[in-house]
Each structure stands twice: as structure tokens, then as C-alpha cells.
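Here are a few exercises to work through with the structure open beside you. Try each task before reading its solution.

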Amino acid sequence: MSQPIRWLMVFLILALAAPTAWGAETPPPIGPPPGDLHPKPGEHSLDPLIRWGKASLPKLRALRDYECRMIRREFVGGRLRPHEQFTLKVRHEPLSFYTGKLNRAGKLVEEAIYVEGQNDGMVMAHTDRYRFMGTMSLYPDSRRIMRDNRHPITSAGLVSLVEQLISGAEADMRLGACDVKVYDDAKIESRTCIALVASHQEQEEGQWFKEVRVFIDRELNVPVRYELYGWPNTPGDKPVPLEEYTFLDLRVNQGLADRDFDVANSAYAFPPLFEAPSVSFASDASQTGRRFAPIDDAHPLRPVLEMLERSTERLAQADDYTALYTKRERIDGRLADHEYMMLKVRQVPFSLYVNCLGPTLPRGQEVIFVEGRNAGQLLVHRGDRSAAQPQLLVPPTAPAAMAGGRSFAELGLRRLADSMSTLLMHETKFAECDVYYMAGARIDNRRATCVVISHPRPRRSFRYHQMRLYFDDDLGLCTRLETFAWPAKVGGAPALQEEHTFRQIRLDTGTSEDDFDPRNPDYGFLTAANP
């Protein structure tokens, strides 16, 4: 990193980390008084700021935690964004951060938490704009985060702030002249501050920022406002605003605890991490049973096959869909925990994007499969940059391509309906089956019809004792499957073998090539464009 950029990053960290006080109760001074920031004869204009920074470090290291309100405005994605308001909480041991973005009505619409040593070094984040994706695990400097923010949450912290402020200022001193002006009676609302304005009159090679302004509260002795300006496109124009941060209502040493940096905190708005599907039946649910007729009559499974066919036809009318997929399977005799995945599916060519939400599959693992590409292989990354092989191209049956007992390439509503249709078509050869239709079922809050298929006696050709298919009444899609094994003893309860549920289904979302491209900035695949 070049020296000017390092100096710029120092001020960026300053903007994210420095708290201030605007509340009715002003805490005692945090840092030492800045004193006279005017340089002495023979000194560089930045020497006084460096002296103050070095004197601040012992005080800042003794600070346990703080919280404040931050107002920011940033130039991101080629445009200057409007002012945004955040709640900021910082704890120094272990290093922990919480940010909550508020809309004009004071509602939390975006939150992020980072705790050093937890969540595999990931930031736990959510935003109302992408609420369907739930609580996400993201690298602090991932493109998904940096697309909407100039700096990662991990850049905050008063100790590291001042340490880098000192090194950045010392580096900038070596570049040559820097015009520094000090205003001893500046104002931020009703607060009296010392303002330091550092600027460059001429744009030289490597010197791409025009001006920075730092406001140090006279009572708190910490920076309370920061502004950064870039060079104008046309000489003589006004500097280009790049960043502006103001920090209000500082509260220090509040005894912030683990719950303040926990997504399960009820005061926060994080979507649930893991929530099993809720399946229920109305008390007056109708239940009509039909036993197999002779083999030359209409088979009782025929209506079920027709329901699956209609489900497939309904799905074929949509170009794509997204869904929250939950599965549970018995593997090696043990019923595993529920597993959660977010799916994006395009019908033609069949394309699949999977974002694993845990708990067993690595949180943040992603999978992409596009029919006809990569020689039929899946692109998989395990959600861990430190892995020896962070992403792989693997065959559909390779261990890395398996989501429990099924390949990732076999996921999706169409694959579920097709596999059930194939299985039931095979069973129409036999006359040992009971079929029940149960209206009044509910999956979460959605109405469904449950079809129960039972085999009274084990047969080598039968893979299950009982199967339950749930058809969403409004969507007309088969959205849940349950299969049960024969009881271990007569009169015993059948054992659950597998359970697959598709919820929060959205049809025709307008997916594009980017949704199935590892270079998508929303994804965590490591590519040349996303190192």
C-alpha cells in the first residue's frame, strides 16, 4: 500500500472508530488534552498531532467499551450517498463490534456483528434489502460488504486507530509539504472542538486526496467528526466529498456483555439463524382412505402421480425461483440435525446456487451448478479462506458435492417431484398400498394438502413404510416430503428417514447469469476478481 493511501486509511479508520458525546450526561475526558496543535518552529505541521496520538494510546488501551450514535455519508459505487444513521457498540476484549443502521422512522434495517475468535472470523450480517438471505456470514472485507461500505467493520477500534494515525501521519510527512490549519474554537452543534484541517494545494503523483478535517472534542479529547475530500475533476472546482462521519451520544465503560454482540439478542432484528419448519393439521382435517383396487383397475397412486405432474407443470411456467430449503436425513443410523440452505434455481438451463446456512455444513459454504458447463461438475467453496483448497470443481457424487445423502446437483423442487414420480411409478406395479388425502395441513403459515402413502408390509422393492407429500394449496407445488421406515417392533412408531421442505418460495425473480457466476460480488468464491 502506498504511503498516501496508508495515511488516508488512517483517517478512514478514525471515522469508523472514534466516539463522541452529545448526550445530556457528558462522560469524563477519555484521551489527554490535545494541547496546542500548532507546530513549533522547525517542526513539521503534523508533529503536534503525532505527539497527541502517542500520548493518547495508554488512555485508550484502558477503555473497556463504548457505544454511540454515528451519522455518516460516503462516496460508494460512483455516487455520494445520503446521510445514514447507525448505532455503534465497541468492546475491546475480546475485540467486538456491533453496528445497526436505522431508517428515518428509527427502525433497524441493517445490522452487523463481529467478535474476534468467533464465527470463523466472519461478520454476521443482515439487511432488509436482502432479508430473504437471512443472517449471513461474510468475510469482513468481502465484496458484498464493501459494495455498500467504504470500510470493513473490523477497521474500527480506538487503539488501532491512533496507532495507525501516528504511522500514517509519519508516512505523510515524508512525502513533502502539507498545509495544516488549526481552529481552536470550532463547533459541532453545541460542542466546542479543535479542528485540524490538512490539505494539499497541488496534486502531485501519489497525492490523490485534497483535504481532511478532524474535529477533536475539547471535553472528551477524542475526534468527534471527520471529513475527507478528493481532488476535483476540473481544477478550480470544489473538492469532492468522499466521507463524512459525526459521532454522538457517547457512553463509555457500559459493561457491554456477550449479549450485546449476539445475533440472538431480542433487541436486535437479526432473522433467526435456524428455525425448523412448523407442520400442523387442523383439528377437523378431512381424511379419506382408499385401499388398492385390483391391478387391472385404476391404481390409487395414479391421482398422486397426477398431482406431482401438475406440480411440475406449474413450476415449468416459472423461469426461476428462490427458496429456503430445509432438510433432515438419517445417515448411518443417526437422524441428523436440520440443515438450512438458501437456493436460487433457474429452469433452463438448469442452474443452481446454494448458500449453506448451517449448522452442520459449513456456514457460508456456496455451491454453483449449471447444466452443460464445467463438464457436469460443481463449483464448491467451503467458506474458509484459510483452507488448503478454498474452492473446487468436483463431480456431483464427490464427497465435497454431497449435502448429506444427496448431491447438491439434485436439489430443487423439480428434482424432488421427478424423483418421487419415478419412485411411485415403480410402485404402481404392486397392489400393496394405502393412500390417504388430508386437507387442512399447514407448513408454517401456509395451507397445504398432505398425501399419506403407506405400505402395510415390508417388501424388498419398497424403500419406505410411509411417505407424506405436502402440496401447497396456493402455489400448487409439492413443497415437503417425509419418509418413514418400518417400526423396529410391532406396534412401534415408524422412524423418520428423511424430510425435505421448501419455504419462502418466490417464483419468477428474474435471475440472470450473474446469479450463477462465481464472480458475482454477492458471493464468497475466491476468483481473480475477488482475491
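**Exercise 1: a strand and its neighbours**

Strand β5 and strand β6 (residues 123-127) pair in the antiparallel sense over 4 bridges. Keep in mind that this is a predicted model.

Task: find which residue of β6 stands opposite isoleucine 113, then find the sense in which strand β4 and β5 pair.

Solution.
- Step 1. Opposite isoleucine 113 in β6 is methionine 124.
- Step 2. Turn to β4 (residues 95-102), which pairs with β5 in the antiparallel sense over 7 bridges. Here phenylalanine 97 faces tyrosine 114 of β5.
- Step 3. Follow the hairpin of β4 and β5: 5 residues lie between the strands, and glycine 106 has a positive phi near 80°.
- Step 4. Check the cover on β5 (residues 108-115): 8 of its 8 residues are buried.

**Exercise 2: an enclosed strand**

Task: work out why strand β11 (residues 223-230) can be called largely enclosed, and name its bridge partners for phenylalanine 209 and arginine 225.

Solution.
- Step 1. Buried means under 20% relative accessible area. In β11, 8 of the 8 residues are buried, so the rest of the structure largely encloses this strand.
- Step 2. Strand β10 (residues 209-217) pairs with β11 in the antiparallel sense over 7 bridges. Phenylalanine 209 has glycine 230 in β11 as its bridge partner.
- Step 3. Between β10 and β11 is a hairpin turn of 5 residues, where asparagine 221 has a positive phi of about 60°.
- Step 4. β11 also pairs with strand β12 (residues 240-252), antiparallel over 6 bridges. There, threonine 246 is the bridge partner of arginine 225.

**Exercise 3: the length of a helix**

Task: test whether the span of helix α6 (residues 413-427) agrees with 1.5 Å a residue, and say what its buried residues pack against.

Solution.
- Step 1. For the 15 residues of α6, the expected span is 21 Å. The end C-alpha atoms are 21 Å apart, which agrees.
- Step 2. List the buried residues of α6; among them are Leu413, Leu416, Met420 and Leu424.
- Step 3. Look at what surrounds them: the buried residues of α6 pack against elements including α5 (302-316), β15 (320-331) and β28 (495-507).

**Exercise 4: charged pairs across the chain**

Task: among the 35 salt bridges in the whole structure, examine glutamate 67 with arginine 251 and arginine 91 with aspartate 258. Are these residues buried or exposed, or in between?

Solution.
- Step 1. Side chains of opposite charge can pair when their charged atoms come close.
- Step 2. Glutamate 67 and arginine 251 form a salt bridge at 3.4 Å, N to O. Glutamate 67 belongs to strand β1 (residues 65-76) and arginine 251 to strand β12, 184 residues apart.
- Step 3. Glutamate 67 is buried at 12% relative accessible area, whereas arginine 251 is partly exposed at 36%.
- Step 4. Arginine 91 and aspartate 258 form a salt bridge at 3.0 Å, N to O. Arginine 91 is in strand β3 (residues 84-92) and aspartate 258 in the loop between β12 and β13 (279-281), so this pair ties together parts 167 residues apart in sequence.
- Step 5. Arginine 91 is buried at 7% relative accessible area, while aspartate 258 is exposed at 53%.

Notes:
Residues numbered from 1 in each chain as written. Predicted model: local features only at pLDDT ≥ 70, side-chain atom pairs only at ≥ 80, totals over all residues. Heavy atoms only, no water. Buried < 20%, exposed > 50% of the residue type's maximum accessible area, 1.4 Å probe, protein only. Helix = DSSP H or I, 4+ residues; strand = E, 2+ residues; numbered from the N terminus. Pairing = 2+ DSSP bridges. Expected span 1.5 Å × (residues − 1). Contact = heavy atoms within 4.5 Å. Salt bridge = Lys/Arg side-chain N within 4 Å of Asp/Glu carboxyl O.
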